[in-house]
Amino acid sequence: MIKEILKNIISKTHVIPFPEGFRISPEEAAKGMNFQERIDKVFGRSLRIRQVDAGSCNACEWECTALTNPIYDIQRFGIDFVASPRHADALLVTGPISRQMELALKKTYLATPEPRLVIACGDCAIDGGIYKDSYAVTNGVANVIPVDCYIPGCPPTPVGIILGLQQLLDKLTGE
Ligand code: SF4
């Protein structure tokens with residue numbers, strides 16, 4: 001089995017080429033270096049994020065998970081996901097905020113130490129997205145807790161999420 005896997009890796013027989021447009025360009029990587037410097041300055045070398053799924057279809061979570069893989073490697077910027085809001089600087093919320101998740105989101109927000117940041121990630125989190133005006137949703141994060149940054153997309157790409165976080169830093173540093 002191991003031999004077979006190694007053979008496939010070396011021969012690249014089953015490797016699906018990564019779409020060119022989805023690579024982080026050298027310019028973006030350079031921005032990323034600056035990104036890291038600003039994270040050092042604003043957050044004292046690390047930005048810890050608690051991801052909150054508030055009724056998402058899970059595609060947004062897949063993209064967030066991809067941020068920690070070796071291609072996007074968000075940890076290189078000093079950013080990582082944590083399991084508890086008590087250890088987080090920011091909440092990254094996905095989904096249209098279903099009525100069932102409304103109270104849980106408020107409690108998670110209050111459990112996050114101040115100054116806490118809130119990122120609405122994905123079209124659903126912005127205004128309900130494809131679930132907008134359904135009886136079961138609140139039409140976005142801002143109708144439940146204050147939002148500092150919006151990242152559009154259904155779902156947003158990992159690069160889109162990184163660029164959204166850069167915009168959050170721009171806002172915090174006044175750039
Ligand atoms: S924005 Fe799109 S991908 Fe994300 S939770 Fe909503 S429907 Fe799913």
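This is a guided tour of the structure above, one selection at a time.

**Before you start**

The model is predicted, so local features are described where pLDDT is at least 70 and side-chain atom pairs only at pLDDT 80 or more, while totals for chains, interfaces and linings use all residues. Residues are numbered from 1 along each chain as its sequence is written, and side-chain values use heavy atoms, with hydrogens and water left out.

**Stop 1: the whole chain**

Show the chain as a cartoon. There are six helices and five strands. Helices here are DSSP runs of H or I with at least four residues, strands are runs of E with at least two, and both are numbered from the N terminus. Starting at the N terminus, the order of elements is α-α-β-α-β-β-α-β-α-β-α.

Now colour by burial. Buried means under 20% relative accessible area, exposed means over 50%, and partly exposed lies in between (1.4 Å probe, protein chains only). Of the 175 residues in the chain, 39% are buried. A contact is a pair of heavy atoms within 4.5 Å. Among contacts with a separation of 6 or more, 78% are between residues 24 or more positions apart.

**Stop 2: the largest nonpolar core**

Select F35, I39, I79, I119, I161 and L165. In the largest nonpolar core, which has 22 residues, these touch the most other members. A nonpolar core is a set of buried Ala, Val, Leu, Ile, Met, Phe, Trp, Tyr and Cys residues joined through side-chain atoms within 4.5 Å. In soluble globular proteins, nonpolar side chains tend to be buried together.

Elements that each give at least two residues to the largest core include α2 (26-43), β1 (47-53) and α6 (158-173). Helix α6 contributes the most, five residues. A second core, separate from this one, has 14 residues, among them A54, L91, L105 and V147.

Zoom in on I39. Leaving out residues up to four places away in sequence, I39 touches G44, R45, S46, L47, F77, I79 and L169.

**Stop 3: strand β4**

Select residues 117-121, which form β4. Five of the five residues in β4 are buried. Which residues point one way from β4, and which the other way? L117, I119 and C121 point one way, while V118 and A120 point the other. In a regular strand the side chains alternate between the two faces of the sheet.

Add β3, residues 90-94. β3 and β4 run parallel and are joined by four bridges. Two strands pair if DSSP finds at least two bridges between them. One place to look is A90, whose bridge partner in β4 is L117.

**Stop 4: Q51**

Select Q51, in strand β1. Is Q51 buried or exposed? Q51 counts as buried because its relative accessibility is 17%.

Two polar contacts can be drawn from the side chain of Q51. One, of 2.7 Å, goes to the side chain of E61, and another, of 3.0 Å, goes to the side chain of T94. A polar contact is a pair of N or O atoms within 3.5 Å; within protein, one must be able to donate a hydrogen and the other to accept it, and residues adjacent in sequence count only if both atoms are side-chain atoms. Apart from residues up to four places away in sequence, Q51 touches E61, C64, F81, L92 and T94.

**Stop 5: helix α3**

Move from E61 to its helix. In α3, the buried residues are C60, E61, C64 and A66. They pack against β1, β2, β3, β4 and α6.

**Stop 6: around the ligand**

Show the ligand and select S56, C57, A59, C60, D123, C124, I130, G153, C154 and P155, the residues around it. A residue is near a molecule if one of its heavy atoms lies within 4 Å of it. Helices α3 (59-66) and α5 (123-127) each supply at least two residues of this shell.

By class, the shell has seven nonpolar, two polar and one charged residues. Ala, Val, Leu, Ile, Met, Phe, Trp, Tyr, Cys and Pro count as nonpolar, Asp, Glu, Lys and Arg as charged, and the others, Gly among them, as polar.

**Stop 7: backbone details**

Stay at P155, in the loop between β5 and α6. The peptide bond joining C154 and P155 is cis, with omega about -5°. Next select P115, in the loop between α4 (99-111) and β4. The bond from E114 to P115 is also cis, with omega near -5°.

Finish with two aspartates. D73 has a positive phi, near 45°, and sits in the loop between α3 and β2 (79-81). D73 counts as partly exposed because its relative accessibility is 29%. D133 has a positive phi near 70° and lies in the loop between α5 and β5. With a relative accessible area of 62%, D133 is exposed.
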